[in-house]
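Reader: I am new to this structure and would like a close look at one part of it. Please start with a single salt bridge, then work outwards from there.

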Amino acid sequence: MIKKITGFLTIVGVLFTLIVSCDKIEGPYSETIKIDTTQHNDSAIKRVLLEDYTGHTCVNCPDAAVIARDLKNLYGEKVIVMAVHAGWFSNPTPAGDFTDDFRTPEGTEWDTYFGISAVGNPNGMINRKGFTSAEHILSPSAWAGAIASALNDPLLLDIVINNTYTTSSRSLATDISIKFMEEVDRNLKLVVVLTEDGIIAPQKNNNAETGPVPIIFDYVHNHMLRAVINGTWGNEISTSGNPISGTVEKSLTYTLDDKLIPENCTVVAFIYDVDTKEVLQVNQKEL
């Protein structure tokens, strides 16, 4: 499976050259870190949310993470990855190498609602599309085609994130600006989450090309869902029968758990259609 997707990405990579850059704030930190707001502009782009449902005892999940990484490298800021540890393979063990608990209540609720781990891991969703027709659960080999298709969907709105992080209190204030490109008459909600990169913890593996078998002890978990700031299903943005246009502003606060490393964390915000569950737009901003 990895060889097939690698070949596909190689071909597409010849056609498209995307340069990705991530600027992270280096220590020492001042008392308050302010991230300048990126203004809405005419160059707003369509972005896609790739949800990778995974677990540290899932032997095939490292291969899926490679696919997600390659797709992220290919499309750059157009693809945003969220690794959700949920289901049986994410359960911690009472002793041994897998005592870490990377589950979140919200991730578990999504997993149950969308039925991901009930089908098996690794699997995922692209913009949560296809839920109404029970075609939303996709194997990693199907992610590339689904992303290419989703990027052709209309750009209905833009999301801009502005973060302020205070080191002494570990408090985050995130301001979300939502600009509608056209009038929209739908039930919409905003979900804001926190993900973290660079988490080193054991991961089961059965592919020697990906890493040591049967366990990669220094495996680097990236894009891991760590918290949902405004609840599993988010805040209401608009309701059907009340067309919305212009710009909507939302402000949220959150206190980071001591186990999180702020400079490795990212705020991810996405807008979805309540009736279809389809994600219409997503964006992210590092702390």
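Author: Start with Asp-258, which is exposed, at a relative accessible area of 67%. Here exposed means over 50% relative accessible area, buried means under 20%, and partly exposed lies in between (1.4 Å probe, protein chains only). The model is predicted, so local features need pLDDT of at least 70 and side-chain atom pairs count only at pLDDT 80 or more, while totals for chains, interfaces and linings use all residues. Residues are numbered from 1 along each chain as its sequence is written, and side-chain values use heavy atoms, with hydrogens and water left out.

Asp-258 has a partner. Its side chain meets that of Arg-170 in a salt bridge, at 3.7 Å from N to O. A salt bridge here is a side-chain nitrogen of Lys or Arg within 4 Å of a carboxyl oxygen of Asp or Glu. The pair links distant parts of the chain: Asp-258 is in the loop between β14 and β15, Arg-170 is in the loop between β5 and β6, and their positions lie 88 residues apart in the numbering. Strands are DSSP runs of E with at least two residues, helices are runs of H or I with at least four, and both are numbered from the N terminus. Arg-170 counts as buried, at 17% relative accessibility.

The strands beside these two loops lead to the core. β5 (157-166), β6 (171-180), β14 (247-255) and β15 (265-273), along with β7 (188-196), come up again below. The largest nonpolar core has 28 residues. A nonpolar core is a set of buried Ala, Val, Leu, Ile, Met, Phe, Trp, Tyr and Cys residues joined through side-chain atoms within 4.5 Å. Ile-178, Phe-180 and Leu-194 have the most contacts inside this core. β5, β6, β7, β14 and β15 each supply at least two of its residues. In soluble globular proteins, nonpolar side chains tend to be buried together.

Look at Phe-180. Leaving out residues up to four places away in sequence, Phe-180 touches Leu-156, Leu-157, Leu-188, Ile-237, Ile-244, Ser-245, Gly-246 and Val-248. Contact means heavy atoms within 4.5 Å. There is also a second, separate core of 19 residues, which includes Leu-49, Met-82, Ile-116 and Val-228.

Back to the salt bridges. The count comes to nine. One of them joins the side chains of Arg-47 and Glu-77, at 4.0 Å from N to O. This pair, too, links distant parts of the chain, with Arg-47 in the loop between β1 (32-34) and β2 (48-54), Glu-77 in the loop between α2 (61-75) and β3 (79-85), and the two 30 residues apart. Arg-47 is buried, at 8%, whereas Glu-77 is exposed, at 53%. Asp-158 joins Arg-47 and Glu-77 in a network of salt bridges. Asp-101 and Arg-103 form another salt bridge, at 2.8 Å from N to O. Asp-101 is partly exposed, at 36%, and Arg-103 is partly exposed, at 34%.

β2 follows the loop that holds Arg-47. Four bridges join β2 to β4, and the two strands run antiparallel. Two strands pair if DSSP finds at least two bridges between them. Tyr-53 has Asn-123 as its bridge partner in β4. In β4 (residues 123-126), Asn-123 and Met-125 point one way, Gly-124 and Ile-126 point the other way, and all are buried.

Now the cysteines. The whole structure holds one disulfide, meaning a pair of cysteine sulfur atoms within 2.5 Å. It joins Cys-58 to Cys-61, with an S to S distance of 2.3 Å. The torsion about this S-S bond is about 85 degrees, so the disulfide is right-handed. Cys-58 is buried, at 2%. Cys-61 is buried, also at 2%.

Last, the rings. A search finds nine aromatic pairs. Rings of Phe, Tyr and Trp (its six-membered ring) pair if their centres lie within 6.5 Å; planes under 30 degrees apart are stacked, over 60 edge-to-face, and the rest tilted. The ring centres of Tyr-113 and Trp-233 are 5.0 Å apart and their planes stand at 65 degrees, so this pair is edge-to-face. Tyr-113 is in helix α3 (residues 105-114), and Trp-233 is 120 residues away, in the loop between β12 (224-228) and β13 (235-238). Both belong to one aromatic cluster, with Trp-110, Phe-114, Phe-131, Phe-270 and Tyr-272.
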